[in-house]
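Biologist: Please take a close look at a single part of this structure and describe how that part meets its surroundings. Keep the account plain, since a first-year student will read it.

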Amino acid sequence: MLRYTVRRLGQLVIVVAVLSILLFAWLRSLPGGPVSALLGNRATPESRAALIQQLGLDQPLYVQYWKFLQRAVSGNFGVSTGVQPGTPALEVFLQRMPATLELSALALLLAVAAGIPLGYFAARRRGSWLDNVSITWSLVGVAVPVFFLAFLLKYVFALELGALPVSGRHEAGINATEVTGFYILDGLLTREWDAAWDAFLHLILPAIALSTIPFSVIFRITRAAVLDVTEEDYVRTAHSKGLTERVIRARHILRNALLPVVTIIGLQTGALLSGAVLTEQVFNLPGLGQALSLGFQRQDFAVLQVVIIASAMVYVLVNLIVDLAYAAIDPRLRTR
Amino acid sequence: MLTASLAACAASERDSAAGGNDGTMVFGAAGAPALFDPFYASDGETFRVTRQMMEGLVGYKPGTAEVQPELATGWEQSEDGTTWTFQLREGVKFHDGTPFNAEAVCANFERWYNQTGAGQNSALSYYWIETFGGFADDDKPSLYESCEAPDPTTAVINLARPTSKFPDALGLDSFSMQSPTAMEKYQANNVRAQGSSFVYSEYAKKHPTGTGPFKFESYNEGNGTITLTRNENYWGEKAKLSRLIFKIIPDENVRKEELLAGSIDGYDFPNPADLQSLSDAGFNVQVRDPFNIMYLGITQKNNPALRDLKVRKALAYAVDRKNLVQANLPEGAEVATQFYPDTVDGYAKDVQKYSHNPEKAKQLLAEAGHSDLTLRFYWPTQVTRPYMPDPRGIFNAIAGDLRAVGITVEPVSKPWNGGYLDDVNNARADLFLLGWTGDYNSPDNFIGTFFGSTENQFYTAAAPWGEDLAKQLQAADREPDPAKREAMYAEINRKLMAQYLPAVPLSHSPPAIVTSKQVKGLQPSPLTAEEFASVSMSEE
C-alpha cells in the first residue's frame with residue numbers, strides 16, 4: 001500500500017514536470033501575450049521592444065523556462081498581469097482557492113446527497129413515478145447548459161423573489177474577519193454569524209448550478225449499479241440463505257453498488273473545476289475558474305501556469321485518493 | 001402611505017442636521033485596478049479609484065474637459081512659455097497629516113523625473129513619457145528641467161521648451177500629488193520587472209496617500225472589493241458619502257443583474273443595447289458628451305495601393321458613416337469629420353468632408369488603377385471600447401460598404417489582447433478598427449499621438465509627407481502663443497483631411513454611465529473622470 005502510494009506520487013512529479021513544459025511553451029506560442037496586455041492600445045513599436053527586453057521575453061524559450069524553474073523552486077511563480085495585476089500568482093491562487101473549494105464542496109455534497117439515495121430508490125422501485133421523475137430530471141441536468149440554468153436561477157430567486165444574492169462571495173461592505181479564506185468557516189470561527197450566513201446564501205445558487213451535472217451522473221451510475229447488483233448470484237444466494245432484507249441491502253447490494261459510484265465521484269470531483277470556470281464567471285465568484293477565464297482573456301501567463309499546474313496536481317491526487325478508497329471498500333484489491 | 005413619507009422626511013432632516021449624508025455607494029468595476037499609485041498606471045479601473053483619493057495641481061471643471069484650479073489656486077507662464085509658476089492652496093494636508101506645500105510638489109516632480117530601471121518602462125510611467133519624454137538618467141530629451149520652491153505656497157516648474165500640454169496635462173490622474181512621507185516610508189519607487197510582469201511597492205498596494213475627499217481603507221482581493229472612506233479633514237467641501245465601495249465584476253451581464261437586484265448602485269459603460277431597458281426600469285442612464293474618436297485605420301506599410309491618396313479617398317467615400325452612426329452606435333453619437341471632437345482646440349469647421357458616395361469611390365479606384373483591390377481588414381474580438389461598443393457590427397457594416405464599391409475584403413479577426421493589438425501596432429494590417437478617448441483637452445493628445453511618430457499602426461513613414469506631418473505637429477505643440485497654436489492645429493486638420501488622409505475618422509460616440517435612482521448628484525464627465533464626492537444616496 002505504502003509502496004503503491006509512493007509510486008503514484010512519483011508519477012505525479014513526472015506529470016507536473018511534463019505539463020509545465022508543454023504549458024509554458026504553449027502559452028508563449030499564443031498570439032498577444034502579456035506585453036499587449038500591459039501596454040494596451042497605446043503601445044508603440046519602441047515601447048513594445050523595450051518591455052519585451054525588460055521582461056526577458058526575447059530570450060530563447062528554454063532560457064525563460066530555466067529562469068522560471070529557478071524562481072519556482074524558491075516559491076516564486078511570477079506576478080499576475082491581468083487577473084489581479086501586480087499580485088504574486090501564488091497569492092492569487094491561494095486567495096482564490098477557498099472560493100472554488102467551498103463552491104465545489106457544496107456542489108459535490110448536493111450531488112452526492114441527492115444522487116445516491118435517489119439512484120438507490122429509483123432502482124429499488126424501478127418504473128415508479130419516483131424513477132421516472134428522477135430520470136427525467138437527470139436528463140435535464142445534463143442537457144441544460146450551465147449558463148442558462150444560472151440565468152434561470154438568478155432570474156427567479158435573485159431578481160424576482162429577491163431571496164438570494166445575484167453574485168459574489170459576500171455582500172459588498174460586509175465587514176468580516178478573514179482567517180482561513182473560507183468565508184463560511186471564517187464566519188463560524190469568529191462567531192460572525194451574519195457573515196457566515198451571508199457567505200452561505202451567496203453559495204446556494206452557484207452550487208446548485210454546478211451540481212446538476214455531477215448529480216445526474218452520480219444518480220444514473222448509482223441506479224444502474226444497484227440494478228446490476230440486485231441481479232447478481234451472490235444476492236440471490238443471500239436471499240436463499242435467508243438473510244434479512246436489511247442486511248442484504250446494506251451489506252450486499254449497496255456496498256457492491258458503491259464501487260463504481262466512488263470512481264465516478266472521483267472523476268466528477270476533477271471535472272468540477274472545469275464546471276467552475278463557467279459557474280464562477282456567471283456568478284462572479286472570485287475563484288480559480290474565474291481566474292482561468294480572465295487569465296486567458298487577459299493573457300496572464302503567471303496565473304494560468306499556477307492555476308493549471310495546481311489543478312492538474314489536484315486531479316492526480318484525487319484520483320489517487322479514489323484508488324485508495326477503492327481498495328478500502330473492495331478487499332480484493334488490497335492483497336495485490 | 002402618509003406615515004411612510006413622514007418618516008422619510010424625519011430621516012432626511014436628521015441626516016442634514018448631522019451635517020451630511022452617511023450613505024454608502026457601491027459601484028461596479030469591470031476589472032481589478034493594477035495598483036493604487038496612479039503615477040505607474042494608465043488604466044481606467046485604477047484611475048477611477050485613485051481619482052477619489054488624490055488631486056493634481058489642476059483639475060477639470062465637473063462635466064467638462066476645461067482646466068480649473070485644484071491644489072494650485074492659480075498659475076502663470078513666463079513670456080517664453082518655459083517657466084510655470086503655481087500658487088498653491090494653503091492649509092491642505094495629505095491623509096497621513098503631511099502638509100501639502102511647494103516642497104511636496106517638487107518632491108513629486110523629482111520622483112517622476114528620477115525614475116530608474118523598471119520605473120522608466122512605458123508600461124508603468126506611460127503618461128510621464130507621453131507628456132514629458134525622458135528621465136534624469138536616460139538619453140531621451142525631457143520636457144521637464146527642474147522644480148523650485150521659493151516659498152511654501154509657490155512652486156516653479158522649469159521646462160526645456162514651451163508646450164501645448166501645459167497646464168492641462170497636470171490634471172491627468174498620473175500626476176496626482178502624493179504624500180512624500182508615505183511614499184518614502186512604504187518605498188513607492190520600489191517596482192521591478194519579474195518574469196512576465198512587474199512587482200509593485202507596498203505603497204502602491206496598501207498605502208496610497210493623497211489629499212482628496214476620500215481615503216484608502218482596504219482592498220479585499222478575496223472578495224474583490226475596494227473600500228474608501230470619507231476624509232473628514234478635507235480642505236474643500238467634504239464628501240457626502242461616508243463610504244465608497246468598488247466591487248469588481250468582470251462580466252457585463254452580472255453587472256447589470258447586480259444593479260437590477262440592488263446590490264450595486266451603478267456601473268460604467270453599460271452596453272448600448274441595454275440603455276433603453278435600464279432607463280425604462282427606472283435607472284438613471286447618463287450619457288456623457290463624446291470625447292473620443294473611432295477611426296478606420298489604414299496601414300501604408302504592406303499594400304502599396306494604400307499609399308495612393310486616391311485609394312484612401314475612395315475608402316472615405318465608400319463608407320456610409322451616417323448609417324453606421326445610426327445603426328451601430330448609441331444615441332448621441334456623431335459622424336466625425338476630423339480626428340477629434342469639436343470641443344478640442346484647433347477643430348476646423350472647413351475641412352474637406354467625405355459624404356457617402358459609392359460612385360465617386362469606384363471612379364477614384366479606377367483612376368488609381370486599383371479597381372480589383374484586396375485588403376486585409378482587421379477587427380477585434382473579446383472587447384468593447386467606449387468609442388466602439390460593438391466591433392463585429394461595425395466591421396460588418398464597413399466591410400459591406402467596401403464590398404459595394406468592388407473592394408475584396410479579407411476579414412481578419414483576433415482577440416483584442418490575443419493578437420489584435422500586436423498585429424495592428426506592428427503595422428501588419430491593411431485596414432483596422434481602432435479609436436482613442438481623450439485624456440485631456442489638447443489636440444496633441446489626439447493627432448500628436450496618432451501621427452507624431454511615423455512607424456506606428458498607420459506607418460506614415462511610407463508616405464512622402466509622413467515625416468513632415470510629424471514635424472508640423474511638433475512645431476504646433478511647441479508654440480507658446482495659444483492663438484497661433486490653435487491656427488497651426490486647424491491648418492494641420494485641414495491638411496489631414498484633404499492632402500494626407502492617413503485614416504478615415506468615423507465617429508464620436510458618447511459613453512454612458514448608469515446608476516440607481518438613489519444616487520444623486522453624479523456629474524458625468526466627458527473625460528469619463530467622475531468624482532464621487534458630490535454623490536449622495538437618497539432613501540427613496
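Modeller: The part I take is chain A, and the model is predicted. Chain A has two contacts to describe, one with chain B and one inside chain A itself.

The contact with chain B comes first here. It involves 56 residues of chain A and 58 residues of chain B. The size of an interface is often given as the accessible area lost when the parts come together. For chain A and chain B, that buried area is about 4,500 Å², with 50% of it on carbon and sulfur atoms. Two salt bridges are found across this interface. In a salt bridge between Arg48(A) and Asp422(B), the side chains meet at 2.7 Å, N to O. The interface of chain A and chain B also has 11 residue pairs in polar contact, counting pairs with both residues at pLDDT 80 or more. On the side of chain A that touches chain B, the elements giving two or more residues are helix 2 (34–39), helix 3 (45–54), helix 5 (89–124), helix 7 (146–160), helix 11 (245–282) and helix 12 (288–297). Helix 3 of chain A gives the most to this side, with six residues. Sorted by class, the side of chain A that touches chain B holds 23 nonpolar, 24 polar and nine charged residues.

Now the contact inside chain A. The chain is divided into domain 1 (2–74) and domain 2 (89–335). Taken over C-alpha atoms, the centres of domain 1 and domain 2 of chain A are separated by 32 Å. Domain 1 of chain A brings 20 residues to the contact, and domain 2 of chain A brings 16 residues. The two domains of chain A bury about 1,600 Å² between them, and carbon and sulfur atoms give 79% of that area. Of the area that domain 1 of chain A buries against domain 2, Arg8(A), Leu12(A) and Leu27(A) supply 30%, more than any other three residues. Zero salt bridges are found across the interface of these two domains of chain A. The count of polar contacts between the domains of chain A is one residue pair, with both residues at pLDDT 80 or more. Helix 1 (2–29) and helix 2 of chain A each supply at least two residues of the side of domain 1 that touches domain 2. Helix 1 of chain A gives the most to that side, with 14 residues. By class, the side of domain 1 of chain A that touches domain 2 has 14 nonpolar, four polar and two charged residues.

Key. Residues numbered from 1 in each chain as written. Chains lettered and ligands numbered in written order. Predicted model: local features only at pLDDT ≥ 70, side-chain atom pairs only at ≥ 80, totals over all residues. Heavy atoms only, no water. Contact = heavy atoms within 4.5 Å. Buried area = accessible area lost by both parts, 1.4 Å probe. Salt bridge = Lys/Arg side-chain N within 4 Å of Asp/Glu carboxyl O. Polar contact = N/O pair within 3.5 Å; in protein donor to acceptor, adjacent residues only side chain to side chain. Helix = DSSP H or I, 4+ residues; strand = E, 2+ residues; numbered from the N terminus. Nonpolar A, V, L, I, M, F, W, Y, C, P; charged D, E, K, R; others polar. Domains from an automatic or database assignment.
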